[in-house]
Amino acid sequence: MIWHKVDSFFELPRVHLKVALKSPLWKYTCKSTMALSLYLSVFRRSMKEQIYEAKLCGFNYEAYYNFDSIIFEISGYSENMDRFVEMLSNNLRCFKVDQDNFSACKIEQKNWIESFNHRRPIDM
């Protein structure tokens with residue numbers, strides 16, 4: 001799905017692109033859900049440095065999962081959107097897991113799960 005709107009400040013077209021990557025390997029099980037969650041956490045953490053300058057220029061992306069797919073929502077000015085999407089897709093295709101990032105994300109995920117029972121229903 002592609003959405004287009006002219007920005008009122010810079011008077012440049014803005015684009016919002018939503019891409020879903022589906023796989024039959026991702027089934028709605030606890031194991032696959034946790035693996036997808038961990039994978040995306042490590043990917044997002046590894047992209048922080050590369051994405052910083054793009055965010056300053058008005059580009060952004062969100063990556064999340066549902067029961068059978070990974071969703072990427074990409075937005076920014078259409079002028080350089082192709083370069084931004086290419087950078088994201090190349091990083092996704094050539095992604096190598098850094099052990100330090102993996103360990104940090106695994107600890108964060110473990111702490112989030114362990115603190116689940118201590119949350120108020122309104123916080124969930």
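# Why the words fit this fold

From the N terminus on, the protein chain runs β-β-α-β-β-α-α. This is a predicted model in which local features need pLDDT of at least 70 and side-chain atom pairs count only at pLDDT 80 or more, while totals for chains, interfaces and linings use all residues. Residues are numbered from 1 along each chain as its sequence is written, and side-chain values use heavy atoms, with hydrogens and water left out.

Student: How do you know how many helices and strands the protein chain has?
Tutor: Helices are DSSP runs of H or I with at least four residues, strands are runs of E with at least two, and both are numbered from the N terminus. By that count the protein chain has 3 helices and 4 strands.

Student: What makes Ser-37 count as buried, partly exposed or exposed?
Tutor: Buried means under 20% relative accessible area, exposed means over 50%, and partly exposed is in between (1.4 Å probe, protein chains only). Ser-37 has 16% relative accessibility, so the word is buried. This residue sits in helix H1.

Student: Which residues does Ser-37 touch, leaving out those up to four places away in sequence?
Tutor: Ser-37 touches Tyr-65 and Gln-109; a contact means heavy atoms within 4.5 Å.

Student: Why is Glu-108 called partly exposed?
Tutor: Its relative accessible area is 45%, so Glu-108 earns that label. Glu-108 belongs to helix H3, residues 99–114. Its C-alpha is 9.4 Å from that of Leu-38, although the two are 70 residues apart in sequence.

Student: And what is the label for Asp-98?
Tutor: Asp-98 comes to 37% relative accessibility, so Asp-98 is partly exposed. You will find Asp-98 in the loop between H2 and H3. From Asp-98 to Phe-43 is 9.5 Å, C-alpha to C-alpha, with their positions 55 residues apart in sequence.

Student: Why is strand E4 described as largely enclosed by the rest of the structure?
Tutor: Strand E4 covers residues 69–77, and 8 of its 9 residues are buried, so the description follows. For the protein chain, 27% of the 124 residues count as buried.

Student: How do you know which strands pair with E4?
Tutor: Two strands pair if DSSP finds at least two bridges between them. Strand E2 (residues 13–22) is joined to E4 by 9 bridges, and the two run antiparallel. Strand E3 (residues 60–65) is joined to E4 by 6 bridges, also antiparallel. Both pairs therefore satisfy the rule of at least two bridges. Ala-20 stands opposite Ile-71 in E4, while Tyr-61 stands opposite Ile-74 in E4. A hairpin of 3 residues joins E3 to E4.

Student: What makes a space a pocket, and which residues line the largest one?
Tutor: On a 1 Å grid over the protein atoms alone, a pocket is an open set of points with protein on both sides within 12 Å along at least five of seven lines, whereas a cavity is a set where a 1.4 Å probe fits but cannot get out; lining residues have an atom within 4 Å of a point. The lining of the largest pocket is Gln-50, Glu-53, Ala-54, Cys-57, Phe-59, Asn-80, Arg-83, Phe-84 and Met-87. Helix H1 (30–56) and helix H2 (81–93) each give two or more residues to that lining. The largest pocket holds about 230 Å³, a volume being the space filled by probe spheres set on grid points joined across faces, edges and corners.
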